[in-house]
Amino acid sequence: MVGGGSIDPWAEYSRVLGLNLQSARLRAGLTQERVAHAAGLSTFTYQKLEKGESNPGTAANPRMQTLVSLSLVLEVTVGDLLPVPTLELLRGGS
């Protein structure tokens, strides 16, 4: 929280997704470039996913196909990559 504001639940969810991607990649001993190429993504796009954003200030929102491709490359399940959702997330942070 900054200045008394609340954290955007989707931004936080995307941030944790990025951390999960990074952890899986490091466990697999792969570079960002190698994962991106094997999953059919640009390195820049993959780097943004690990940061949890798509555009500056915008939470990442990868397609299901992207998540499945990444899970296959990283040899984990999609469920291993996705954070556990919260009710706050489903309510849109209200």
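A salt bridge here is a side-chain nitrogen of Lys or Arg within 4 Å of a carboxyl oxygen of Asp or Glu. Keep that in mind for the tour, since Glu 53 forms one with Lys 48, where the closest N and O atoms are 2.6 Å apart.

Before you click around: this is a predicted model, in which local features need pLDDT of at least 70 and side-chain atom pairs count only at pLDDT 80 or more, while totals for chains, interfaces and linings use all residues. Residues are numbered from 1 along each chain as its sequence is written, and side-chain values use heavy atoms, with hydrogens and water left out.

**Stop 1: Glu 53**

Select Glu 53, which lies in strand β1 (residues 53–55). Strands (E, at least two residues) and helices (H or I, at least four) are DSSP runs, numbered from the N terminus. Glu 53 is partly exposed, at 22% relative accessible area, whereas its partner Lys 48 is buried at 10%. Buried means under 20% relative accessible area, exposed means over 50%, and partly exposed is in between (1.4 Å probe, protein chains only).

Now show what surrounds it. Leaving out residues up to four places away in sequence, Glu 53 touches Lys 48, Thr 58, Ala 59 and Ala 60; contact means heavy atoms within 4.5 Å. Then add Gly 18: Glu 53 and Gly 18 are 35 residues apart in sequence, but their C-alpha atoms are 8.4 Å apart in space.

**Stop 2: the other salt bridges**

How many salt bridges does a search of the whole structure find? It finds three. For another of them, pick Arg 15 and Glu 12, with closest N and O atoms 2.7 Å apart. These two are three residues apart in helix α1, so about one helical turn separates them. Arg 15 is partly exposed at 39%, and Glu 12 is partly exposed too, at 30%.

Next, select Arg 25 and Glu 50, whose closest N and O atoms are 2.6 Å apart. Arg 25 sits in α1 and Glu 50 in α3 (residues 43–51), so this pair ties together parts 25 residues apart in sequence. Buried or exposed, what is Arg 25? Arg 25 is buried, at 9%, and Glu 50 is buried at 10%.

**Stop 3: α1 against α4**

Two packed helices are described by the angle between their axes and the distance between the axes. Select α1 (residues 9–28) and α4 (residues 64–74): their axes come within 10 Å and cross at roughly 25°. Axes are lines fitted to C-alpha atoms, for helices over the stretch in contact, and angles run from 0 to 180 degrees between N-to-C directions. The two helices are therefore roughly parallel (under 35 degrees; over 145 is roughly antiparallel, 65 to 115 roughly perpendicular, the rest oblique).

Show side chains: Leu 17, Leu 21, Ala 24 and Arg 25 of α1 meet Leu 67, Leu 70 and Leu 74 of α4. That contact divides into six nonpolar residues, no polar and one charged.

**Stop 4: α2 against α3**

Finally, select α2 (residues 32–39) with α3: the axes come within 8 Å and cross at roughly 110°. That makes α2 roughly perpendicular to α3. On the α2 side, choose Gln 32, Glu 33, Val 35 and Ala 36; on the α3 side, choose Thr 43, Tyr 46, Gln 47 and Glu 50. These split into three nonpolar, three polar and two charged, where Ala, Val, Leu, Ile, Met, Phe, Trp, Tyr, Cys and Pro count as nonpolar, Asp, Glu, Lys and Arg as charged, and the others, Gly among them, as polar.
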